[in-house]
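Biologist: Please choose one part of this model and go through it closely, then say how it fits with the rest. Plain terms are enough.

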Amino acid sequence: MTATVAPPAPIVVEPTPHRGGKSRLRRAGAPYLFILPFLAMFAAFGVYPMIFTLRLSFTSWRGSGAAEWVGWGNYTYLLQGEAFWASMANSAVLWLLIVPIQLTIGLVVAVLLNSAKVRLRSFYRVAFLVPFVTPLVAVAQIWTVVFDQRFGAVNTALNALGLPDIGWLTTSTWAKPTLALLFLWKTTGFIVIILLSGLQSIDASVYEAASLDGASRVRQLWSITLPLVRRTLLFALVLQTLAVFQMFAEPFVVTQGGPYGSTTTAGLYLYNHITRADLGTGAANSFLLVIFVMALSLLFVRLLRSEDK
Amino acid sequence: MTTTALPTTRRRPVISRRPLGATVGVQVFLVLLTLAFLSPVVWALVSAFKPAASIISAPLAFDPSALTLENYTRMFADVPIGRGFMNTAVVLVIKGSVTLFFAPLAAYGFAKYDFPFKNLLFGTVLITLMLPTIVLIIPLLLEMKALGWVNTYQALILPGAVDAFAVFWMRQVIAAVPDELVDAARVDGCSEIGIFTRIVLPVIRPAMAGLAVLTVMNIYNDFVWPVVVASSSRMATLQVVLSTLAQNITGNRIDADYATVTGELLAAASIALIPLLVIFILLQRHFINGILAGSVKG
């Protein structure tokens, strides 16, 4: 999966032959010294907290005093309660609003930018990436101003066209689409770049042959481009699924999870356990989310791989 | 794919026989999309120079004669944005340097040496790359509490400083460096660390540039970890300062204040956007390489 976008390089490392000599001891010790700083940090801030979360998820703990072992209590509390499922449902709706649109637009734009006839290709590539490189918090702020119901630029434009105001961030109907739009705006350029790299790995002679056979452009897109970029598309799909279900900063800044909890995403709900110091439940929630997202990713991989036959 | 040779249409086959109308339509589509992608940023950058009252009374109007710096001066007076910039700069310099030295160093160890348990170690690193980062937030926060590091630079800098992804990427890059180059340096009497600093690092400079811009972008834009671990006004990074500004706005929906706060907000957002925008435009090629490689992270 990663091979489609990673820099092309041999994965297999051949063992360096030990040829003896004075430097042999020095050479044997060197790699340990080199990886030690990384390993120490990785163990302290990666592996240890991971194991700690797993243990924590089976306890009830509010950040001080002794943790009480509750077995599967946190998991059953979450799975049987409404709030967890509501947060997952909010994220699922956002996923539906974002991912299909993003992959479609991303693919169309990538195909256009891959065509030699389109001018200013490198300009577009840079312009579309501007939202992606700008700080999320800053653009989320701009979103709150632009989509403000009374004073925002969007409603002003609607009024100028004789259309009524829309409560973009104040009604539970519109809050999700408005957040989805922010996410689409922020990350679609990135998806374009990923898909473009997939397209560029397709040999031009394939199109040449198809073109000579009289296949139309649409036909070429459907029968050549799509199957050949499927791996890249799958990669983008999994990447964005992970990102949407972890979405946190967007609702945190723009809507604080409201109105009426309609934008309390899975990621924000998880964070809310921390602010309530309900750490055991938060840990269990992390693992449920991870399991769900991993299962979903595996499902996508399965579904799209099976079509290969 | 049988090729029945038609010599007349052989040249430029990818784009052959496209009607002119389609090309014009494509350009219009791309221009509109560019406007959609750029307009919120441009609008914010321009509006920050408008009088606060007219930002909300006439958000789409633009009067060049009425431009003002009042939003900026007020924002600098009201918001500890200088402090935020300084904290971000400290974290950026130290964390960035640590990543850019120790990640390729570890990658070199993994790529060019053989030692027991190497594959097991590297496999463990790969597995953790696939796990969403949010799983780590709660235990890391507790760890910081236990160490007494909440609201300190250590907490902002150390977790994630030697990013597992950076090691993974650099290992791929360094594995492609010819072994002969490394061996020749060794024969010439170069020390093991000297081989790394004087041979490997210069050779992989393009990838290092990609890693550098990606690292700068990630550290500068990082929000979730800083807001959890360093939310005090003294330690808040630029992004955290910005985010609390937003909450002030929604807390103060009184009309009179709203204009002022909006003006300040746009000024603060603009000033936070500009450094990265400039770096991006200057170093776009490295940025795109870095983003492409970085997308493996998930």
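Modeller: Two residues are in contact if their C-beta atoms, placed from the backbone, lie within 7 Å. Helices (H or I, at least four residues) and strands (E, at least two) are DSSP runs, numbered from the N terminus. This is a predicted model, in which local features need pLDDT of at least 70 and side-chain atom pairs count only at pLDDT 80 or more, while totals for chains, interfaces and linings use all residues. Residues are numbered from 1 along each chain as its sequence is written, and chains are lettered from A and ligands numbered from 1 in the order in which they are written.

The part chosen is a helix pair in chain B. Helix α4(B) covers residues 81-112 and helix α8(B) covers residues 164-175. Their axes (lines fitted to C-alpha atoms, for helices over the stretch in contact) are 8 Å apart, and the angle, on a scale from 0 to 180 degrees between N-to-C directions, is about 55 degrees. The pair is therefore oblique (under 35 degrees is roughly parallel, over 145 roughly antiparallel, 65 to 115 roughly perpendicular, and the rest oblique).

On the α4(B) side, the contact is made by T99(B), A103(B), P104(B), A106(B), A107(B), Y108(B), F110(B), A111(B) and K112(B). They meet A166(B), V167(B), M170(B), R171(B), I174(B) and A175(B) of α8(B). By class, the residues of this contact are twelve nonpolar, one polar and two charged (Ala, Val, Leu, Ile, Met, Phe, Trp, Tyr, Cys and Pro are nonpolar, Asp, Glu, Lys and Arg charged, and the others, Gly among them, polar).

Y108(B) also leads to another helix. F196(B) belongs to helix α10 of chain B, residues 192-203. Y108(B) and F196(B) are 88 residues apart along the chain, yet their C-alpha atoms are separated by 7.4 Å. Leaving out residues up to four places away in sequence, F196(B) touches L105(B), Y108(B) and L201(B). F196(B) counts as buried because 23 other C-beta atoms lie within 10 Å (20 or more is buried, 12 or fewer exposed, and in between partly exposed). L129(B), in helix α5 of chain B, has 17 such neighbours and so is partly exposed.

Three residues of the helix pair reappear in the largest nonpolar core, a set of buried Ala, Val, Leu, Ile, Met, Phe, Trp, Tyr and Cys residues joined through C-beta atoms within 7 Å. This core has 165 residues, and A106(B), V167(B) and M170(B) are among those that touch the most other members. The others in that group are F38(A), L195(A), A268(B) and A269(B). Helix α7 of chain A, residues 172-200, gives the most to this core, with 13 residues. A268(B) touches M75(B), V79(B), I81(B), L242(B) and L245(B), again without residues up to four places away in sequence.

The rest of chain B gives the setting. Chain B has 15 helices and zero strands, and 43% of its 298 residues are buried. Among its contacts between residues at least 6 apart in sequence, 75% join residues at least 24 apart.

Chain B also meets chain A: 94 residues of chain B are in contact with 89 residues of chain A. Helix α1 of chain A, residues 24-56, gives the most to the chain A side, with 18 residues. That side has 65 nonpolar, 18 polar and six charged residues.
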